[in-house]
Amino acid sequence: MSGVHPTLRRALPWLALAAAAVLPLAGAPAYWITMANYIGIGAIVALGLVVLTGHAGLTSFGQAAFVGIGAYTTAVLATSFGAGPLTTLLASVALTTASALLLGLITVRLSGHYLPLSTIAWCLALFYLFGNLDELGKFDGITGIPALAVAGVTIESGRALYYLIWAAVALSFLAMRNLLDSRPGRVIRALRKGALMEESCGIDTARYKLLAFVVAAVLAGVAGWLYAYLQRAVNPTPFGLGYGIEYLFMAVVGGVGQLWGAIAGAALLTIVKDWLQGVLPALLGQTGNFEIIVFGVVMILLLQRAPDGLWGAVARRWGRRPAFDAAALARAEALTAQPQPPAGAPLLQVQAARKTFGGLVAVNDISFEVRAGEIVGLIGPNGAGKSTLFNVVSGVAAPTAGEVRFQGRRITGWPARRLARLRLGRSFQHVRLVPEMSVLENVMIGAHLRSRRGVAASLLRLNRAEEVALRREAARQLERVGLGHCLALDAGALALGQQRTLEIARALCLDPVLLLLDEPAAGLRLQEKQALAALLGQLRAEGLAVLLVEHDMDFVMGLVDRLVVMEFGTLIKEGLPADVRRDPKVLAAYLGGVDE
Ligand code: ADP
Ligand code: MG
């Protein structure tokens with residue numbers, strides 16, 4: 001909100017945290033401390049879910065199982081082997097990482113409901129494993145965990161643990177904030193809506209889903225480690241499916257994309273649950289876990305009324321886009337660019353490409369070529385097979401027969417991700433961007449392959465120089481396409497024509513040799529079409545080659561060097577625009593075709 005000073009706005013949550021830090025010193029009642037400790041543990045798990053569910057779009061009901069792995073690892077090592085807290089922490093993290101990797105490798109590639117279902121199965125399986133193993137004390141669990149002691153100092157009381165737990169919350173918070181604001185973090189944040197687009201930028205999206213899954217599991221494991229030292233005993237109950245659902249509630253109630261929301265959600269859920277557990281049995285005259293019913297109803301109402309959750313509503317009121325430092329960008333180092341091949345060198349060679357769908361021949365043995373520094377238009381009436389051919393070339397679909405070569409290399413059937421490494425950039429017929437990310441960040445994703453920094457560097461904030469270089473490159477490409485004034489806007493706020501142009505800037509960030517554009521002018525107004533044509537002409541002058549699928553003849557005529565005309569899957573004419581325009585077969589196709 002404009003009324004709140006930005007510095008104050010940013011400082012306020014931290015001030016609240018600082019106030020909470022002096023809580024036990026001020027002699028708060030033991031009950032409050034206990035509550036605060038459980039809130040902290042819940043918040044750590046929920047922070048992981050903000051990344052996993054809120055950003056990567058993968059729903060897990062099974063985080064309680066990872067908490068259990070951390071807690072049981074700690075309990076066994078501390079009671080049976082006398083291991084200290086550092087050993088138990090490392091072992092908890094190692095074991096949650098290993099099990100998340102194992103589970104993730106099997107399930108993360110699954111689509112739709114399979115991942116949530118498998119996390120439910122996983123949580124149930126582990127619950128019964130904990131409850132049935134003699135070594136783990138069956139359903140009675142393990143008691144007598146020694147108090148946490150570091151360098152002779154024993155952290156035993158709830159008050160002492162309060163500091164440890166909330167220090168862990170703060171660290172987890174900072175780690176997740178750093179992660180989300182980084183090269184791998186941007187990929188994770190775009191997974192839910194932009195996985196296909198990311199693959200076309202050369203990104204292995206399955207790897208980043210797995211990363212989000214492991215990160216969330218590690219946070220749950222750390223929470224389990226804290227839990228073991230807080231309770232000094234473990235049993236299977238708090239690691240069951242009911243608790244897995246509660247952790248998810250915390251993240252969703254707080255606002256599933258919001259880190260502060262994880263803390264707010266954990267606080268709200270813990271307090272309300274405790275209150276309901278006291279009130280409901282008295283009200284109903286019998287004992288039972290009635291709070292879960294209330295939670296269910298509230299959850300449904302909340303998802304209907306405020307899908308952004310508690311913190312989402314706050315964040316909307318307060319605004320959040322960070323200030324934009326144009327001067328720092330100007331000083332930043334440039335990303336390295338590779339030389340363009342000499343004009344006229346053969347780039348893309350399509351040889352007798354064929355694609356059939358059942359009995360339908362969508363692409364019928366088509367051959368053509370695109371050379372360096374030229375714009376080739378692929379035109380034809382609706383249903384001619386242009387998009388299908390485009391998909392064959394851009395790695396979306398493998399051809400039934402025939403061959404595609406790029407710079408002499410056979411690339412037939414290569415996935416989009418591999419083509420990006422050969423510097424083949426593309427845009428999409430139906431715009432694919434992340435509407436709630438800034439224009440600049442959307443475009444930065446395009447330069448993924450030209451940057452290196454991974455998770456460790458991002459967590460430790462050793463990625464700042466590269467981040468500025470990435471921002472600079474994205475800003476430069478946005479200037480180049482004429483969107484230099486929109487860098488800080490939400491991509492979703494752009495007009496359609498600008499969104500298409502954004503996609504071209506994103507593709508340019510790949511430092512491409514060849515740009516593949518599927519109907520870039522569709523839905524644009526005349527002025528926007530003219531601007532686009534001017535831009536493509538300028539890119540050609542800078543040495544880029546463009547293959548352009550287009551339905552609108554007028555748009556391509558004055559722009560392209562050569563045209564390939566398709567009708568009913570077949571190539572009916574190839575040549576200079578002037579010759580194509582006069583060709584009787586082309587005229588017949590366009591007059592006879594169903595032209596919108
Ligand atoms: P264009 O882009 O030139 O309008 P398309 O390549 O989209 O044409 O479609 C060419 C033909 O192939 C059409 O008859 C279309 O119905 C058919 N087609 C396209 N994709 C599929 C698919 N996945 N399954 C079956 N038929 C398809
Ligand atoms: Mg099409």
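Colleague: Which element supplies the largest share of the shell around ligand 1?

Modeller: In this predicted model, that element is α14, with 3 residues. A residue belongs to the shell if one of its heavy atoms lies within 4 Å of the ligand. Helices (H or I, at least four residues) and strands (E, at least two) are DSSP runs numbered from the N terminus. Both β6 (360-371) and α14 (386-393) contribute at least two shell residues each.

Colleague: What residues make up that shell, and how are they divided by class?

Modeller: Ligand 1 is surrounded by F357, L360, A362, P381, N382, G383, A384, G385, K386, S387 and T388. The classes count Ala, Val, Leu, Ile, Met, Phe, Trp, Tyr, Cys and Pro as nonpolar, Asp, Glu, Lys and Arg as charged, and the others, Gly among them, as polar. On that basis the shell holds 5 nonpolar, 5 polar and 1 charged residues.

Colleague: Which polar atoms of T388, S387 and A384 lie by oxygen atoms of ligand 1?

Modeller: A polar contact with the ligand is a pair of N or O atoms within 3.5 Å. T388 places a polar side-chain atom 2.5 Å from a ligand oxygen. For S387, a polar backbone atom is 2.9 Å from an oxygen of ligand 1, and for A384 a backbone N or O atom is 3.1 Å from one. Of the 560 Å² of accessible area that ligand 1 has on its own, the protein covers 57%; such areas come from the Shrake-Rupley method with a 1.4 Å probe.

Colleague: Across which strands does α14 lie?

Modeller: Contact here means heavy atoms within 4.5 Å. α14 lies across β5 (346-357), β6 and β8, at about 120° to β5. Axes are lines fitted to C-alpha atoms, for helices over the stretch in contact, and angles run from 0 to 180 degrees between N-to-C directions.

Colleague: In what order do the strands of the sheet containing β6 run?

Modeller: Two strands pair if DSSP finds at least two bridges between them. This open sheet of 4 strands has the order β6-β5-β8-β9, with antiparallel pairing. Its edges are β6 and β9 (409-410), each pairing on one side only. Antiparallel β5 and β6 are joined by 8 bridges, and T356 has V361 in β6 as its bridge partner. The hairpin of β5 and β6 has 2 residues between the strands, and G358 in the turn has a positive phi of about 60°. At the other edge, 2 bridges join β8 (401-406) to β9, where R409 is the bridge partner of F406.

Colleague: How is the sheet of 6 strands arranged?

Modeller: In a regular strand, side chains alternate between the two faces of the sheet. Here an open sheet has the order β10-β11-β12-β7-β13-β14, with mixed pairing. β10 (424-426) and β14 (570-575) are the edge strands, and the twist averages 15° from one strand to the next. β13 (562-567) runs antiparallel to β14, joined by 5 bridges, and V565 stands opposite K573. In their hairpin, with 2 residues between the strands, F568 takes a positive phi near 50°. Helix α19 (496-508) lies across β10 and β11 (514-518), at about 155° to β11.

Colleague: What conventions apply to the numbering and the values?

Modeller: Residues are numbered from 1 along each chain as its sequence is written, while chains are lettered from A and ligands numbered from 1 in the order in which they are written. In this predicted model, local features need pLDDT of at least 70 and side-chain atom pairs count only at pLDDT 80 or more, whereas totals for chains, interfaces and linings use all residues; side-chain values use heavy atoms, leaving out hydrogens and water.

Methods. A polar contact is a pair of N or O atoms within 3.5 Å; within protein, one must be able to donate a hydrogen and the other to accept it, and residues adjacent in sequence count only if both atoms are side-chain atoms.
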